[in-house]
Amino acid sequence: MSQETNSAPVTENKMGTMPIGRLVFNMSLPMMISMLVQALYNIVDSIFVAKLSENALTAVSLAFPLQTLIIAVATGTGVGVNALLSKSLGAHKYDEANKIGINGAVLYAFSYVIFLILGLTIVKPFYMSQIGNADVEIMDMGVSYLSTVMIFSFGIFAEIFFERVLTSTGRTIFSMTSQLCGAITNIILDPIMIFGLLGFPKLVATVVGQCVAAVVAFVCNHKFNHDIKLSFKGYSPDFKIMGTIYAIGIPSIIMQSIGSVMTYAMNRILIGFSSTAAAVFGVYFKLQSFFFMPVFGLNNGITPIIAFNYGAQNRKRMVKTIKVSLITAFCLLFVGFACFEFIPQVLLGMFSASDDMLKIGVPALRIIGVHFLIAWFCIIVGTVFQALGKAVFSMIVSIMRQLVVLIPAAYILSRLDGLHAVWWAFPIAEVISFTVSTLFLIRINRTIISKIPDGSDVL
């Protein structure tokens, strides 16, 4: 394909010219801030739910597997779109980049239709598979909450698609703006939708914020993103591009979907002890997101940098990006480790924790918190695999961590030494993840990174 097209930008993309230290934070900081706000929303959401009742908190916690699945499909598809767009732009193939964006939009629309159908059919059986008919109140609240999430999931699919297009072209400030608008809208509406004010039923999921974020991201793309032109005039599906998007994205979808399977299995194990144990697990997920979400924001920022410089054949800039991101991720998760170890009572207290929840939750957070000291490495290395088109390595690591190790370990420990021992499955699984990730990184360095030319001296 010719590289001279009418859609070619008139200036060089900053991902190939800006000094790496500045570029990583220029690209990542807006995403980190916006995802931190998203994590804050998740925590505030659960704080309001906990004030409603502990059963309400349990109902929301049991919804995590299917909520995680929605996010897995949306963000995993985004990995494929993001990597392909950035690589095409790095190689100055602008027409190809436009086609990638359009076909990516079609895949997102298809994904929403699937979850709409699931939201109308499987929510009640899903809850029954976890708790049976043991607690009607948890069942009723959970079905109402999760049905709303799935039926109106078009908001989150549109939001993530347009944000990924912005991120792929280096316009993370606009991606941050859209996410902030959505999160702030949700925080404002939270007490209304959760406590059933102004005529709303209680415990209705707030999906308006996702729609607001999608609209803002769409407008930002239309007005300010000149690298990608999304036009369906004369469109015909390009199944090769769609296949390539999924070839890169499906391992990420599977990897995150494994998290859905993991939370479902853990809920089944923990509910066998008590609904409070399942609620503690839900609270843990909300709390850890406050520390992990900024690292995922860092991932979103460095993925296009690595992919762009891979396409531009510039090894020095790629390696520098990896080093800077590893140091940053360690610092972020060390703060999380310290909080889980030294102030677990304070963290649980935000969720109106009962004495029983504190008794279970304090040792649980301290044990699980150990894995923060390892997870930073595994997360960044997994991003490197995806950016270089080797997302299958990330998938293998995730399968080993969450299915091959974590769930069997949690089940065995629950049988050997009860509820307290279950939480040790998390550090055990992270050690395995670290080992396998290191081996794959050595292989990637030998077969791909070391063979790329040094490239520009601009670092």
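In the predicted model, the largest nonpolar core comprises 135 residues, among which Leu146, Phe157, Met266, Leu333, Leu388 and Trp423 touch the most other members. Helix H11 supplies the largest share of this core, contributing 16 residues. Leucine 388, one of the residues with the most contacts to other core members, touches Ile306, Tyr310, Met318, Ile444, Ile448 and Ile449 when residues up to four places away in sequence are not counted. Of these partners, Ile444 is one of the buried residues of helix H18.

Helix H18 spans residues 425–447. Its 23 residues extend 33 Å from the first C-alpha to the last, close to the 33 Å expected at 1.5 Å a residue. Buried positions in H18 are Ala425, Phe426, Pro427, Ala429, Glu430, Ser433, Val436, Ser437, Phe440 and Ile444; the list thus includes Glu430, Ser433 and Ser437 alongside residues such as Val436 and Phe440. The cover over these buried residues includes helices H10 (239–271), H11 (275–311) and H14 (355–368), together with H15 (372–387), H16 (391–417) and H17 (419–422).

Aromatic contacts also involve H18. The structure holds 32 aromatic pairs. One of them joins phenylalanine 377 and phenylalanine 434 in a tilted arrangement, with 5.0 Å from centre to centre and 55 degrees between the planes. Because phenylalanine 377 lies in helix H15 and phenylalanine 434 in helix H18, this pair ties together parts that are 57 residues apart in sequence. The two rings are set in unlike surroundings: phenylalanine 377 counts as buried at 12% relative accessibility, whereas phenylalanine 434 is partly exposed, with a relative accessible area of 36%. Elsewhere, ring pairs link Phe64, Phe281, Tyr284, Phe285, Phe290, Phe291, Phe292, Phe296, Phe340, Phe372 and Phe426 into a cluster. Phe426 is also among the buried residues of H18.

A polar side chain is enclosed in helix H1, which covers residues 20–52 and contains serine 28. Serine 28 is buried, with a relative accessible area of 0%. Its side chain reaches the backbone oxygen of leucine 298 at 3.4 Å. Apart from neighbours within four places in sequence, serine 28 is in contact with Gly297, Leu298, Gly301 and Ile302. Leucine 298 therefore appears both as a contact of serine 28 and, through its backbone oxygen, as the residue that the serine side chain reaches.

Terms used:
Residues are numbered from 1 along each chain as its sequence is written. This is a predicted model: local features need pLDDT of at least 70, side-chain atom pairs count only at pLDDT 80 or more; totals for chains, interfaces and linings use all residues. Side-chain values use heavy atoms; hydrogens and water are left out. Helices (H or I, at least four residues) and strands (E, at least two) are DSSP runs, numbered from the N terminus. The expected span of a helix is 1.5 Å times one less than its number of residues. Buried means under 20% relative accessible area, exposed over 50%, partly exposed in between (1.4 Å probe, protein chains only). Contact means heavy atoms within 4.5 Å. A nonpolar core is a set of buried Ala, Val, Leu, Ile, Met, Phe, Trp, Tyr and Cys residues joined through side-chain atoms within 4.5 Å. Rings of Phe, Tyr and Trp (its six-membered ring) pair if their centres lie within 6.5 Å; planes under 30 degrees apart count as stacked, over 60 as edge-to-face and the rest as tilted. A polar contact is a pair of N or O atoms within 3.5 Å; within protein, one must be able to donate a hydrogen and the other to accept it, and residues adjacent in sequence count only if both atoms are side-chain atoms.
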